[in-house]
Amino acid sequence: MAFFGFSIEVFIINLVLVIPTFFLIRWLTNKIFKSNNKLRNIVPWIGTIVLVPIIYFSFVFIWIFSISYYPDRTFDKTTWEQKPYERYELTEDIIESELLIGLTKDEVTELLGNYDYTYDENHWAYGIGFVPGIMNIDPSVLDIYFENERVIKVSQHET
């Protein structure tokens, strides 16, 4: 159902924000401007018009941040093996600490296990699960690049 082109949910959310904001500003204005009736009548309306969009977008930003957050953990071989769909929590440490740089293919296999994908003999990829975030509908992978049988680069991307 629409109300002046807005869904009823948006209308209710705005009412929930507008009414308490208006009365809070009116209460503060009455405390501050005890003798000036004109300011006591105008400030609550202007304050509500200015503050409600700020409050609304702050809630949206907090919601977006909360669904995009995930902990970054120090690499642990046991966690890597036991929780393949949560490996994304370990990849930042692997990449930033350059844990794999210089290792041979056998050493990488020993540490991470068998690769999930290969693009060619010098490019392996390990599935790391779905990284939390808005519109993340594809799983991500940890890419490992080799040159002369040693790791030269490690990166991560969404498939």
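A residue is called buried when its relative accessible area is under 20%, exposed when that area is over 50%, and partly exposed in between, using a 1.4 Å probe and protein chains only. At 69% relative accessibility, N148 counts as exposed.

This is a predicted model, in which local features need pLDDT of at least 70, side-chain atom pairs count only at pLDDT 80 or more, and totals for chains, interfaces and linings use all residues. Residues are numbered from 1 along each chain as its sequence is written, and side-chain values use heavy atoms, with hydrogens and water left out.

**Confidence**

The pLDDT is the predictor's confidence in each residue, from 0 to 100. Its mean over the protein chain is 89, and 96% of the residues reach 70 or more. Helices (H or I, at least four residues) and strands (E, at least two) are DSSP runs, numbered from the N terminus. Confidence in the protein chain is lowest in strand β1 (residues 2–3), with a mean of 52, and highest in β5, with 96.

**Helix α2 and its partner α1**

The expected span of a helix is 1.5 Å times one less than its number of residues. Helix α2 covers residues 37–68, so its 32 residues should span 46 Å; the end C-alpha atoms are 47 Å apart, which agrees. At the N-terminal end of α2, N36 acts as a cap, with a side-chain oxygen 3.3 Å from the backbone nitrogen of K38. This is a polar contact, meaning a pair of N or O atoms within 3.5 Å; within protein, one must be able to donate a hydrogen and the other to accept it, and residues adjacent in sequence count only if both atoms are side-chain atoms.

Helix α2 also has a kink of about 25° at L51, shortly before the proline P53. The bend at a residue is the angle between axes fitted to the seven residues ending there and the seven starting there. L51 is partly exposed, because its relative accessible area is 36%.

The buried residues of α2 are P44, G47, T48 and V52. They pack against α1 (8–32). Here contact means heavy atoms within 4.5 Å. An α-helix has 3.6 residues a turn, so residues three or four places apart point the same way.

T48 has a relative accessibility of 6% and therefore counts as buried. Leaving aside neighbours within four places in sequence, T48 is in contact with V18, T21, F22, I25 and P53. With the same kind of neighbours left out, L51 touches T21 and I25.

In α1, P20 is partly exposed at 47% relative accessibility, and L24 is partly exposed at 48%. The table lists C-alpha separations for three pairs of residues.

| Pair | Separation along the chain | C-alpha distance |
|---|---|---|
| L24 and P44 | 20 residues | 8.3 Å |
| P20 and T48 | 28 residues | 9.3 Å |
| L51 and L17 | 34 residues | 9.4 Å |

**The nonpolar core**

A nonpolar core is a set of buried Ala, Val, Leu, Ile, Met, Phe, Trp, Tyr and Cys residues joined through side-chain atoms within 4.5 Å. The largest one has 19 residues, and those with the most contacts inside it are W80, L100, V108, L112, Y126, L142 and I144. At least two residues of this core come from each of α4 (88–96), α5 (105–112), β4 (123–129), β5 and β6.

What does W80 touch, leaving aside its neighbours within four places in sequence? W80 is in contact with F75, R87, L90, T91, I94, L112, Y126, I128 and L142.

In α4, the buried residues are Y88, E89, L90, T91 and I94. They pack against α3 (77–82), β4, β5 and β6.

In strand β6 lies S155. It counts as buried because its relative accessibility is 19%. Not counting residues up to four places away in sequence, S155 touches I95, V141, L142, D143 and Y145.

**Positive phi angles**

Most residues other than glycine have a negative phi. N148 has a positive phi of about 55° although it is not a glycine, and its place is in the loop between β5 (140–147) and β6 (150–158). E149 is found in that loop between β5 and β6. Its phi is near 70°, again positive in a residue other than glycine. E149 counts as partly exposed, because its relative accessibility is 46%. E98, which follows α4, also has a positive phi, near 55°.
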